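Student: I would like a close look at one part of this model, the ligand site. Please set the scene with the overall fold before going there.

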Amino acid sequence: MRLAGKVAVITGSSRGIGAAIAQEYCAQGAKVVINYVHSEAQAQALADKLNQDGHNAIAIKADVTERAEIKQLFEQAVAAFGKIDILVNNAGINKRGWFDEVTDEAWDEIMGVNLKGPFICCQEVFPYMQAQQGGRIINISSVAGQYHGPKTVHYAVSKAGLNSLTKVIARYGAEHNILVNAVAPGIVRTDQTADEIDSPAGRKVIDMTLLKKAARMEDITSACVMLASDEQQYMTAQVLAVSGGAILGA
Ligand code: NAP
């Protein structure tokens, strides 16, 4: 039980990577807040299943781009579980498009959910973590933020921005023992990649990795457990690529 006694809020955890993180965090002893914006039935079903299995989970609706809703999310989390130890900024959307196809509306939408959302969540969770002099923030970035691919213009920029936000917020967190890192996955099967992963375009993405395969969900969740747990107390301001060697780094 690597997260026994911890309380985690995971944005966008009704499905996909966020839901998998919520399940694994529970398996490691954490109490979790499942957040959604549209998928109420899925989020509630996941919370019900986790509670039936003897864990502690609640589902709360909040749009990460709406500050008032995020304030309420954290207030409800603390009312339910008494504190917030871990925030995973996972909620994210992707829209593929070449440079000349990206509209202002699409740009604003991607930046809103993928970058402004984590900014708001970090700002609003900080007072709770400062008050208890400790916390972990894990931003779910993407290999796209380091690859800067041509068909994910706004998505790549949003994730590169999220990597930068990770480092800036880590500066502010350090004196309060708030460790801030990002996990940057390569491609994994979820709703976001359902139309891509088995296509020639998906094959091309997979062929860019050293390992020539997609990520398994547990490759990503295990990195998120490590960064949230007390076994790791010296990593902050880092972008941890879980990308099969697609990005070799420095
Ligand atoms: P997904 O299956 O499409 O799920 C997206 C989740 O985000 C859903 O729970 C959704 O809630 C939530 N969400 C969307 N907009 C939101 C908002 N405004 N406020 C709150 N929640 C919102 O996506 P995924 O593939 O699991 O991706 C999760 C994260 O991993 C994203 O940040 C994504 O960019 C990143 N990522 C994914 C991959 C991949 O291969 N899948 C690779 C690299 C990085 P509702 O269900 O209520 O709509």
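Student: How many helices and strands does the protein chain have? And which residues surround the ligand most closely?

Tutor: Start with the fold. This is a predicted model. The protein chain has eight helices and seven strands. Its radius of gyration is 17 Å, close to the 18 Å that the globule rule gives for 250 residues, so the chain is as compact as a globular protein of that length. The C-alpha trace spans about 45 × 40 × 35 Å along its principal axes.

Now the ligand. It is surrounded by 32 residues. The closest are Arg15, His38, Ser39, Tyr155 and Thr190. By class, this shell holds 13 nonpolar, 15 polar and four charged residues.

Look next at the polar side-chain atoms that face ligand oxygens. One on Thr190 lies 2.5 Å from an oxygen atom of the ligand. One on Arg15 lies 2.6 Å from a ligand oxygen. For Lys159, the distance from a polar side-chain atom to an oxygen atom of the ligand is 2.9 Å. As for cover, the ligand on its own has 890 Å² of accessible area, and the protein covers 96% of that.

Which elements build the shell? Helix H1 (16–27), strand E2 (31–36) and helix H6 (153–174) are the elements that give two or more residues to it.

Finally, turn to the second largest pocket, found on the protein atoms alone. Its space comes to about 170 Å³. Its lining includes Lys6, Asp85, Ile86, Gln132 and Arg136. Asn177, Leu179, Ala228, Asp230 and Gln233 also line this pocket, as do Gly134 and Gly135. By class, the lining has three nonpolar, five polar and four charged residues.

Definitions and conventions:
Residues are numbered from 1 along each chain as its sequence is written. This is a predicted model: local features need pLDDT of at least 70, side-chain atom pairs count only at pLDDT 80 or more; totals for chains, interfaces and linings use all residues. Side-chain values use heavy atoms; hydrogens and water are left out. On a 1 Å grid over the protein atoms alone, a cavity is a set of points where a 1.4 Å probe fits but cannot get out, and a pocket is an open set with protein on both sides within 12 Å along at least five of seven lines; lining residues have an atom within 4 Å of a point. Grid points are joined across faces, edges and corners, and a volume is the space filled by probe spheres set on the points. Ala, Val, Leu, Ile, Met, Phe, Trp, Tyr, Cys and Pro count as nonpolar, Asp, Glu, Lys and Arg as charged, and the others, Gly among them, as polar. A residue is near a molecule or strand if one of its heavy atoms lies within 4 Å of it. A polar contact is a pair of N or O atoms within 3.5 Å; within protein, one must be able to donate a hydrogen and the other to accept it, and residues adjacent in sequence count only if both atoms are side-chain atoms. Accessible areas come from the Shrake-Rupley method with a 1.4 Å probe; for residues, only the protein chains shown count as cover. Helices (H or I, at least four residues) and strands (E, at least two) are DSSP runs, numbered from the N terminus. The radius of gyration is taken over C-alpha atoms; the globule rule is 2.2 Å times the number of residues to the power 0.38.
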